[in-house]
Amino acid sequence: MTPSRENLVKLRSYEEEVYLHQVIIRHQDESLERYRDLTPALDAAAARADEELGQEWRVHFHVPLHAAPGEPFR
């Protein structure tokens with residue numbers, strides 16, 4: 001997912017307490033930032049400037065086969 005404030009708001013709707021949702025954020029300098037779950041990643045992003053949100057977020061989810069999460073999620 002390409003991070004933007006709008007996309008992060010959409011991503012927050014996937015927060016829940018049963019499963020972990022590991023997050024890897026790739027930054028412009030190709031460094032990686034890892035979070036064990038979605039909530040800490042989103043909370044950290046809320047305190048950052050837009051240009052510090054990273055280039056790409058990869059989030060591990062288990063989604064039912066019949067689900068179509070839609071954009072911006074692929």
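Biologist: Which residues are buried in α2?

Modeller: In α2, L38, A41, L42 and A45 are buried. Buried means under 20% relative accessible area, exposed means over 50%, and partly exposed is in between, with a 1.4 Å probe and protein chains only. This is a predicted model, where local features need pLDDT of at least 70, side-chain atom pairs count only at pLDDT 80 or more, and totals for chains, interfaces and linings use all residues. Residues are numbered from 1 along each chain as its sequence is written, and side-chain values use heavy atoms, with hydrogens and water left out.

Biologist: What puts the buried residues L38, A41, L42 and A45 on the same side of α2?

Modeller: They cover an arc of only 95° around the axis, so they sit on the same side of α2. The arc is taken from the directions that run from the helix axis to the C-beta atoms. In general, an α-helix has 3.6 residues a turn, so residues three or four places apart point the same way.

Biologist: What do the buried residues of α2 pack against?

Modeller: Their partners are α1, β1 (23-26), β2 (32-35) and β3 (56-59). Contact here means heavy atoms within 4.5 Å. Helices (H or I, at least four residues) and strands (E, at least two) are DSSP runs, numbered from the N terminus.

Biologist: Why is α1 called roughly antiparallel to α2?

Modeller: Helix α1 (residues 5-12) and helix α2 (residues 38-46) pack at an angle of about 150°. Angles over 145 degrees count as roughly antiparallel, under 35 as roughly parallel, 65 to 115 as roughly perpendicular and the rest as oblique. That makes α1 roughly antiparallel to α2. The axes of the two helices are 11 Å apart. Axes are lines fitted to C-alpha atoms, for helices over the stretch in contact, and angles run from 0 to 180 degrees between N-to-C directions.

Biologist: How do you know that H21 is buried and R34 exposed?

Modeller: H21, in the loop between α1 and β1, has a relative accessible area of 5%, so H21 is buried. R34, in strand β2, has 59% relative accessibility, so R34 counts as exposed.

Biologist: Which residues does R34 touch?

Modeller: Not counting residues up to four places away in sequence, R34 touches V23 and I24.

Biologist: Back to α1: what makes N7, L8 and L11 lie on the same side?

Modeller: These three are the buried ones in α1. They cover an arc of only 100° around the axis, so they are on the same side of α1. On the other side of α1, E6 and V9 are exposed.
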